[in-house]
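Q: I am new to this structure and would love a close look at one part of it. Could you walk me through its helix and how that fits into the whole chain?

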Amino acid sequence: MNEILADIYSTILPSAPFVIAAYALVWVGLLVYVAIAIRGLKATERQIAVLEEAVFGQDGTRG
(Lines give C-alpha, C1' and ligand atoms only; values in the text may rest on other atoms or scores of the structure.)
Protein backbone atom coordinates (compact mmCIF):
# COMPACT_ATOMS: atom_id res chain seq x y z
CA MET A 1 0.00 0.00 0.00
CA ASN A 2 1.13 3.52 -0.67
CA GLU A 3 2.73 5.17 2.33
CA ILE A 4 0.54 8.27 2.01
CA LEU A 5 -2.64 6.18 1.84
CA ALA A 6 -1.54 4.18 4.87
CA ASP A 7 -1.08 7.44 6.77
CA ILE A 8 -4.51 8.71 5.71
CA TYR A 9 -6.25 5.45 6.61
CA SER A 10 -4.54 5.32 9.98
CA THR A 11 -5.94 8.78 10.67
CA ILE A 12 -9.47 8.22 9.32
CA LEU A 13 -10.31 4.66 10.39
CA PRO A 14 -10.04 5.20 14.16
CA SER A 15 -12.62 8.00 13.93
CA ALA A 16 -15.10 5.96 11.83
CA PRO A 17 -17.19 4.79 14.83
CA PHE A 18 -17.71 8.40 15.87
CA VAL A 19 -18.86 9.39 12.40
CA ILE A 20 -21.24 6.43 12.25
CA ALA A 21 -22.59 7.28 15.70
CA ALA A 22 -23.13 10.90 14.68
CA TYR A 23 -25.08 9.89 11.58
CA ALA A 24 -27.15 7.44 13.61
CA LEU A 25 -27.90 10.12 16.21
CA VAL A 26 -29.01 12.56 13.52
CA TRP A 27 -31.32 9.96 11.94
CA VAL A 28 -32.83 8.99 15.29
CA GLY A 29 -33.41 12.66 16.11
CA LEU A 30 -35.04 13.24 12.75
CA LEU A 31 -37.33 10.24 13.14
CA VAL A 32 -38.36 11.35 16.64
CA TYR A 33 -39.09 14.86 15.34
CA VAL A 34 -41.23 13.52 12.49
CA ALA A 35 -43.13 11.21 14.87
CA ILE A 36 -43.87 14.11 17.24
CA ALA A 37 -44.96 16.31 14.34
CA ILE A 38 -47.32 13.62 12.99
CA ARG A 39 -48.79 13.08 16.45
CA GLY A 40 -49.40 16.81 16.82
CA LEU A 41 -50.97 16.99 13.37
CA LYS A 42 -53.38 14.17 14.19
CA ALA A 43 -54.36 15.89 17.46
CA THR A 44 -54.98 19.12 15.57
CA GLU A 45 -57.14 17.31 13.01
CA ARG A 46 -59.22 15.81 15.83
CA GLN A 47 -59.68 19.25 17.39
CA ILE A 48 -60.76 20.71 14.05
CA ALA A 49 -63.29 17.90 13.60
CA VAL A 50 -64.74 18.62 17.06
CA LEU A 51 -64.94 22.34 16.29
CA GLU A 52 -66.62 21.71 12.93
CA GLU A 53 -69.17 19.48 14.62
CA ALA A 54 -69.84 22.15 17.24
CA VAL A 55 -70.22 24.90 14.65
CA PHE A 56 -72.13 23.07 11.94
CA GLY A 57 -73.94 20.47 14.04
CA GLN A 58 -74.87 16.97 12.99
CA ASP A 59 -77.06 18.00 10.06
CA GLY A 60 -74.42 20.19 8.40
CA THR A 61 -76.19 23.51 8.84
CA ARG A 62 -74.62 26.36 10.72
CA GLY A 63 -75.81 27.13 14.21
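**A close look at helix α2**

A: Happy to help! Let us begin with the surface: in this predicted model, the protein chain has an accessible surface of about 5,900 Å², and carbon and sulfur atoms account for 70% of that. Buried residues make up 0% of the 63 residues.

Now to the helix itself. The protein chain holds 2 helices and 0 strands. Its radius of gyration is 26 Å, well over the 11 Å that the globule rule gives for 63 residues, so the chain is more spread out than a compact globule. Helix α2 covers residues 16-56, which is 41 residues. From its first C-alpha to its last, α2 reaches 60 Å, close to the 60 Å expected at 1.5 Å a residue. Just after α2 comes Gly57, with a positive phi near 75°.

Stepping back to the whole, the C-alpha trace spans about 80 × 15 × 10 Å along its principal axes. As for charge, the chain carries 4 positive and 6 negative side chains, and the centres of these two sets are 14 Å apart.

Definitions and conventions
Residues are numbered from 1 along each chain as its sequence is written. Side-chain values use heavy atoms; hydrogens and water are left out. Helices (H or I, at least four residues) and strands (E, at least two) are DSSP runs, numbered from the N terminus. The expected span of a helix is 1.5 Å times one less than its number of residues. The radius of gyration is taken over C-alpha atoms; the globule rule is 2.2 Å times the number of residues to the power 0.38. Buried means under 20% relative accessible area, exposed over 50%, partly exposed in between (1.4 Å probe, protein chains only). Accessible areas come from the Shrake-Rupley method with a 1.4 Å probe; for residues, only the protein chains shown count as cover. Lys and Arg count as positive and Asp and Glu as negative; His and the chain ends are not counted. The place of a charge is taken as NZ of Lys, CZ of Arg, CG of Asp or CD of Glu.
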